[in-house]
Amino acid sequence: MLKNELTGEQIPIIYWENSIGRSKLSDIVMKDPTVSRDHAVLMRRDEGWIIVDTNSKLGVFVNERKINSKETVYLNDVIRIGSTSLKLKKYRNSEGSQQKSIFSFSRNKTAKKTKFFSLMFFITIFHSLMAVSLAISKNDFTIDIWKPVIYFSLVSWLFYIFSIFILRRVNFELEILAIFLSGIGVIFISEKSLKDSYIQILAFTLGIILFLFMTYFIGNLDRVMNWRIIITIGAISLLVLNLLIGTVQNGSQNWIIIGPLSIQPSEFVKIAFIFVGASTLDKLQTTKNLTEFIIFSAICIGALFLMGDFGTACIFFFTFLLISFMRSGDIRTIILTCSAAVLGSFMVLKFKPYVANRFSAWRHVWEYADSLGYQQTRVLTYSASGGLFGLGTGNGDLKYVFAATNDLVFGMICEELGLIIAVIIAVIMAGIAMYSWVVSMKGRSTFYYISACAASGLLIVQSALNIFGSTDLLPLTGVTLPFVSLGGSSMVATWGMLSFIKAADERTYALKGGRF
């Protein structure tokens, strides 16, 4: 807590990052007229508490010495802000006992391990039953039909064991949901091509490795801030490279093909986009505008339009709006940005009229059932035939339609697994968003709060475009369903984005030591 040396008032320190200023929006509001509106930020880091001067007029003093930009403060140090002196102290209640840390939590390790083991077991059984249904539908009981589910389950269980027993993680909820969705996608892909299912399993494995690395990497906020510029340059370079040597597939120049390897750079730029958009509170307090992020966003979205990847451009734009609002809270900025986007859309339709043709069948697919609306009418027809419980894995007909395992995969879920499983998958996507919001509220930094909400928001928007696009509620934009659709780049990048949500949960780094 902070103790006002003049009045004796005890001010609790509630968050990991606490803004101090005269503004009513500050976490610690100072009524001293000599204090700036946004005067300083008191932050908790691994090395202890740090006070940062956010360009205040009179500066910040620690033990009567003016700091340059930031300074580590210890118990009983006196922080002078304006004409107010605050002493950092441990809080003790009226009975003399120390208050329980806001960063502490109770956990029953054995109960949690048992719960996670049970969930992993049932998920493996569910995937195995899908494989049984596929074997029956194909009348093929050779080992080849079982290899995808065996390999996938092996990787999943090794990941579980490594996380729970080696890293000693006490939270594995997110990973279990992602494993459930990824396994469904792998088995659907194996219906059409065993080779593609092996590639998807490899991407799943690489995605887990990226997830583990990123969770470790962004655990250190100083490292995060030091790498933001490098990641920005890397993302822009990747998009430029895509424009220079990219290959056009399905009307979009969003692939780089090197021999047998094909990569979709825009999927990895999504990670950089969130990384660059989020920031720690001291940076947000110091930087009063969104100029840098707006320029970076304009470059990303502009490059995607030049590639013809309009679905991904929409995802980036909605994520940009979310991050911008969370950074500034300024509705006027959002309105101005939306106005510019509407103007840009009219310009695109004027100078690239072929884009409008892509949406001409929207809401009229039955009138174009054998041409522009071919895919969506088949999705609607076959999805309805699945009923509540589905026809069984391998028994559907939608798999014979182009892009069934990527753009139209939600239709396959409805047809073969039924409406109940389809709704559960949609609820899981919404649940990941809710989970990210809940855990980020206790996050160690605004970086985790913004990045977790932005990552989950991106996944929600992408899921909505896939689900509602294939069912004609929205224009079909050709984006993947996270974790489920065929696509190695998408699988790897989606697991990478999941790490932002994982890092926002303070339980992830619980074993680093106690907090005070």
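**View 1. The bend in helix 5.** Helix 5, a DSSP run of H or I with at least four residues, numbered from the N terminus, bends by about 40 degrees at tryptophan 227, the bend being the angle between axes fitted to the seven residues ending there and the seven starting there. The model is predicted, so local features need pLDDT of at least 70 and side-chain atom pairs pLDDT 80 or more, while totals for chains, interfaces and linings use all residues. Residues are numbered from 1 along each chain as its sequence is written, and side-chain values use heavy atoms, without hydrogens and water. At the N-terminal end of helix 5, asparagine 220 acts as a cap, with a side-chain oxygen 3.0 Å from the backbone nitrogen of aspartate 222. Among the buried residues (under 20% relative accessible area, 1.4 Å probe, protein chains only) of helix 5 are Val224, Arg228, Thr232 and Asn242.

**View 2. The buried side of helix 8.** The buried residues of helix 8 (residues 291–307) include Phe293, Phe296, Cys300 and Leu304. The buried residues cover an arc of only 155 degrees around the axis, taken from the directions from the helix axis to the C-beta atoms, which puts them on the same side of helix 8. Just after helix 8, glycine 308 adopts a positive phi of about 85 degrees.

**View 3. An open sheet of 3 strands.** The strands (DSSP runs of E, at least two residues) follow the order 12-13-14 with antiparallel pairing, where pairing requires at least two DSSP bridges. Strand 12 (247–249) and strand 14 (261–263) stand at the edges with a single partner strand each, so one side of each has no neighbour in the sheet. Threonine 247 has tryptophan 255 of strand 13 as its bridge partner.

Notes:
Buried means under 20% relative accessible area, exposed over 50%, partly exposed in between (1.4 Å probe, protein chains only). A polar contact is a pair of N or O atoms within 3.5 Å; within protein, one must be able to donate a hydrogen and the other to accept it, and residues adjacent in sequence count only if both atoms are side-chain atoms.
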